[in-house]
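Me: I am new to this structure and would like a short walk through it. Could we begin with the backbone and then move on to the RNA, the pockets and the cysteines?

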Amino acid sequence: MQVTGPRGTNDILPGDVERWHLVEERIRSLCRIYGYHEIRTPIFEHTELFVRGIGEATDIVEKEMYTFTDKGDRSITLRPEGTAPVVRAYLEHKLYAAGNPTKLYYLGPMFRYERPQAGRYRQFTQFGVEVFGSRHPAVDAEAIALPVHLYQALGIKDARVQINTIGCPECRPAYRQLLKDSLRDRVDQLCPSCQRRYERNPLRLLDCKEESCRRVTADVPTIYDSLCEECRDHFDRLQVYLEAAGIDFEVNPRLVRGFDYYTKTVFEFSSSSLGAQDALGGGGRYDGLVEEVGGQPTPGIGFAVGIDRILLAMERQGAAAPAPDGVKVFIASLGEAATLAAVTLLSQVRRAGIPAEMDYLGRSLKAQLKAADKSRARYAVIVGDAELAKEAAVVRNLATGEQAEVSLAEVTLHLKEALK
RNA sequence: GUGAGUGUAGCUCAGUUGGUUAGAGCGCCAGACUGUGGCUCUGGAGGCCGUGGGUUCGAGCCCCAUCUCUCACCCCA
């Protein structure tokens, strides 16, 4: 059998790639507006980075990483997310030396070994930002506003914004205990995975989608009464700032995210047009991560959005695909002498900055014009023996059918004028 | 990793209760004045019917396995 691409990967073909360009351009433009600088980190890292950064007990580290041993006997992992590598680079290159806050963004492929389904692939593309060095809640508001702005700019109308706080090492342990205590005599009513969560990560019980679990946990206390003063204040101010920035949001006390490194603010963006995997993006604050990866204690916050899912949401909401770039001029020639002249003309026209094409298949004039039409060229330049004898070429307007004879020396200038 | 569905020309799909050389539309190529496109007409190329086994006189149709894709679970972007 023919070799196919590995499972869960996609080829982005001409005709689709224009959508990607559109999204990428919007992203870069917004990052400029919001004052973020791009950082490009390697696609693979030492496995240890992710184990320490994301957390040993997370699904990603436990079962979703593309990990292999290289020829130097190092354990290497294809990056499953962007935050840990950016933190690593931030420390390695001492970017903090330039002064706080440091605002970075990245855009590129991530890898997770999962069963593919709608909007979920083994290689997928994320855009994310990270801000280091500020614990101010206005930064949290910015990290929520930027993706919202992006969705709006791309015409995704149903992007939903949910926020929550999961406290900090000061106050979270007490809440964890409170949560466990309140469920102690009902553990057996939870689904099997929630029974595991009860021991390992009780906060995750809150966002289980099982109807039965939802019922069991319906009357459980929220974290809000357990927050320390700092976390309480942070969350309150975040909401004030979001309102000030004109961002619509919902507070969801059950929103908990999958990475161990989050503290205080967590948030998620979703779209109902996506299907079961409805997350467009998400993020949160990670005030302990930098230290975990080996740096000085440094607050941080960031988000990641899935480009594949943005594209999916755009398509499902009927966004038109941008037209592929076409050529402007097609040069048709008949015979070897004319082909020689065509090569010269083509070179001149292109150097004048006009996208141009010629026939490389030795086709009949008729077929060449047909090809010109298909390439959506606006003008055809026709060179044959008759024209050559007069040192000229026929320039034909393909929309109107009008054509004129122009001397070879003036074809480029003529086209430049005509295309204005 | 678990479950369900799916797989016939480049694309979208037909293919009757298993029966001879597997079809259509679109696309592609060519011709309809041996130098003029878009429309129309005519013709042509292009499928070991996902792959490997099996049942049968005979399999695109039935059975098994395997892979792909799709959808869902888990989890997430």
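**Backbone, RNA, pockets and cysteines**

Reply: K94 is found in the loop between α4 and β5. Helices (H or I, at least four residues) and strands (E, at least two) are DSSP runs, numbered from the N terminus. This is a predicted model, in which local features need pLDDT of at least 70, side-chain atom pairs count only at pLDDT 80 or more, and totals for chains, interfaces and linings use all residues. Residues are numbered from 1 along each chain as its sequence is written, chains are lettered from A and ligands numbered from 1 in the order in which they are written, and side-chain values use heavy atoms, with hydrogens and water left out.

Me: What is the phi of K94?

Reply: Phi of K94 is positive, about 50°, although K94 is not a glycine.

Me: And what kind of peptide bond runs from N100 to P101?

Reply: That bond is cis, with omega near -15°. P101 lies in the loop between α4 (83–92) and β5 (102–111).

Me: Where is R376, and is it buried or exposed?

Reply: R376 lies in the loop between α13 and β14 (379–383). Its relative accessibility is 47%, so R376 counts as partly exposed. Buried means under 20% relative accessible area, exposed over 50%, and partly exposed in between, using a 1.4 Å probe and protein chains only. Phi of R376 is near 60°, a positive value in a residue other than glycine.

Me: Now the RNA. Which residues come nearest to strand B?

Reply: R197, R204, R257, G258 and L398 come nearest, out of 47 residues around RNA strand B. Sugar and phosphate account for 48% of the atoms of the strand that come within 4 Å of the protein. A residue is near a strand if one of its heavy atoms lies within 4 Å of it.

Me: Which element gives the most to that surface?

Reply: α13 does, with six residues. The elements that each supply at least two residues are α3 (59–64), β6 (123–132), β10 (279–285), α13 (365–374) and α14 (385–389).

Me: How does the surface near RNA strand B divide by class?

Reply: It has 21 charged, 16 nonpolar and ten polar residues. Ala, Val, Leu, Ile, Met, Phe, Trp, Tyr, Cys and Pro count as nonpolar, Asp, Glu, Lys and Arg as charged, and the others, Gly among them, as polar.

Me: What lies 3.3 Å from a base nitrogen of the RNA?

Reply: An N or O atom in the side chain of E114 does. A polar backbone atom of A386 is 2.9 Å from a base oxygen of RNA strand B, and a polar side-chain atom of Q403 lies 3.4 Å from a base oxygen.

Me: On to pockets. How much space lies in the second largest one?

Reply: About 390 Å³. On a 1 Å grid over the protein atoms alone, a pocket is an open set of points with protein on both sides within 12 Å along at least five of seven lines, a cavity is a set of points where a 1.4 Å probe fits but cannot get out, and lining residues have an atom within 4 Å of a point. Grid points are joined across faces, edges and corners, and a volume is the space filled by probe spheres set on the points.

Me: Which residues lie nearest the centre of that pocket?

Reply: N10, I12, W20, Y121 and D308 do, among 16 lining residues. α1 (17–34), β6 and α11 (307–316) give two or more residues to the lining, and α11 gives the most, with four. By class, the lining has seven nonpolar, four polar and five charged residues.

Me: How many cavities are there of 30 Å³ or more?

Reply: One. The largest cavity has a volume of about 30 Å³, and its lining includes N164, T165, Y175 and V256. Eight residues of that lining are nonpolar, two are polar and none is charged.

Me: Where is V256?

Reply: V256 lies in the loop between β8 (250–251) and β9 (263–270). V256 counts as buried because its relative accessibility is 7%.

Me: Last topic: how many disulfides are there?

Reply: Zero, where a disulfide is a pair of cysteine sulfur atoms within 2.5 Å. The sulfur of C171 is 3.7 Å from the closest cysteine sulfur, in C228, which is too far for a bond. C231 is in no disulfide either, with the nearest cysteine sulfur, that of C168, 3.4 Å away.

Me: Are C171 and C231 buried or exposed?

Reply: C171 is buried at 4% relative accessibility, and C231 is buried with a relative accessible area of 1%.

Note on methods. A polar contact is a pair of N or O atoms within 3.5 Å; within protein, one must be able to donate a hydrogen and the other to accept it, and residues adjacent in sequence count only if both atoms are side-chain atoms.
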